[in-house]
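Here is a short report for a reader meeting this structure for the first time. Keep the sequence and the 3D view open while you read.

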Amino acid sequence: MNGKKAAEAAAKRAYFKGQLKKIKKGVKMEIDPNCKMEVDPKTAKYKTAKNKKTYYFCSKNCFEAFMKK
Ligand SMILES: [Zn+2]
């Protein structure tokens with residue numbers, strides 16, 4: 001097997017394992033309204049409240065793009 005592919009598969013498995021752990025722990029993921037990526041509200045550095053809802057962002061870029069709208 002191709003070494004790079006094997007590494008990618010292992011990374012994918014680790015990622016899903018991590019996601020599964022979060023689901024089992026009951027961590028609710030928020031969706032970044034700019035890029036639609038899942039963001040963990042506990043670790044999100046960028047967030048804002050708008051229309052009585054709190055929005056979480058994966059990065060400063062997404063936060064700024066959302067605020068410009
Ligand atoms: Zn984002």
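Asn-61 counts as exposed, because only 12 C-beta neighbours lie inside 10 Å and a residue with 12 or fewer is classed that way. Its place is in helix 2. The C-alpha atoms of Asn-61 and Thr-43 are separated by 16 Å. Along the chain, these two residues are 18 residues apart. The model behind all these values is predicted.

**The chain as a whole**

The protein chain has 2 helices and 4 strands. Read from the N terminus, the order is α-β-β-β-β-α. The C-alpha trace spans about 50 × 25 × 15 Å along its principal axes. The radius of gyration of the protein chain is 15 Å. A compact globule of 69 residues would have a value near 11 Å. Buried residues make up 12% of the 69 residues. Contacts tell another part of the story. Among those with a separation of 6 or more, 24% join residues 24 or more positions apart.

**Helix 1**

Helix 1 covers residues 3-25, which is 23 residues. From its first C-alpha to its last it reaches 33 Å. That is close to the 33 Å expected at 1.5 Å a residue. Is helix 1 buried or in the open? Of its 23 residues, the number buried is 0, so helix 1 lies largely in the open. Just after helix 1 comes Gly-26, with a positive phi of about 80°.

**The hairpin of strands 3 and 4**

Strand 3 (46-50) is followed by a loop and then strand 4. The two strands pair in the antiparallel sense, over 5 bridges. Lys-50 has Lys-53, in strand 4, as its bridge partner. Ala-49 stands opposite Thr-54, also in strand 4. The hairpin has 2 residues between the strands.

Asn-51 and Lys-52 are both found in the loop between strand 3 and strand 4. Neither is a glycine, yet each has a positive phi. The table sets out their values.

| Residue | Phi | C-beta neighbours inside 10 Å |
|---|---|---|
| Asn-51 | near 50° | 5 |
| Lys-52 | about 60° | 5 |

Why does Asn-51 count as exposed? Asn-51 has 5 C-beta neighbours inside 10 Å, and so it counts as exposed. Lys-52 also has 5 C-beta neighbours inside 10 Å, and therefore counts as exposed.

Thr-48 is found in strand 3. It is partly exposed, with 13 other C-beta atoms within 10 Å. Which residues does Thr-48 touch, leaving out those up to four places away in sequence? They are Tyr-55 and Met-67. Thr-48 and Met-67 are 19 residues apart along the chain. Their C-alpha atoms are separated by 8.8 Å.

**The nonpolar core**

In soluble globular proteins, nonpolar side chains tend to be buried together. Which residues form the largest nonpolar core here? It has 7 residues: Val-39, Tyr-55, Tyr-56, Phe-57, Cys-58, Cys-62 and Phe-63. Strand 4 (53-57) and helix 2 (60-68) each supply at least two residues of this core. Strand 4 gives the most, with 3 residues.

Val-39 belongs to this core. Residues up to four places away in sequence are again left out of its list of contacts. Val-39 touches Tyr-56, Phe-57 and Cys-58, among others. These three are also listed in the core. Its other contacts are Met-29, Glu-30, Asp-32 and Ala-44.

**Drawing it together**

Start at helix 1, which lies largely in the open with 0 buried residues. Move on to strand 3 and strand 4, an antiparallel pair. Look at their loop, where Asn-51 takes a positive phi near 50°. Then find the core, to which strand 4 gives 3 residues. End at helix 2, which supplies at least two residues of the core and also holds the exposed Asn-61.

Technical notes: Residues are numbered from 1 along each chain as its sequence is written. This is a predicted model: local features need pLDDT of at least 70, side-chain atom pairs count only at pLDDT 80 or more; totals for chains, interfaces and linings use all residues. A nonpolar core is a set of buried Ala, Val, Leu, Ile, Met, Phe, Trp, Tyr and Cys residues joined through C-beta atoms within 7 Å. A residue is buried if 20 or more other C-beta atoms lie within 10 Å of its own, exposed if 12 or fewer, and partly exposed in between; C-beta atoms are placed from the backbone. Two residues are in contact if their C-beta atoms, placed from the backbone, lie within 7 Å. The radius of gyration is taken over C-alpha atoms; the globule rule is 2.2 Å times the number of residues to the power 0.38. Two strands pair if DSSP finds at least two bridges between them. The expected span of a helix is 1.5 Å times one less than its number of residues.
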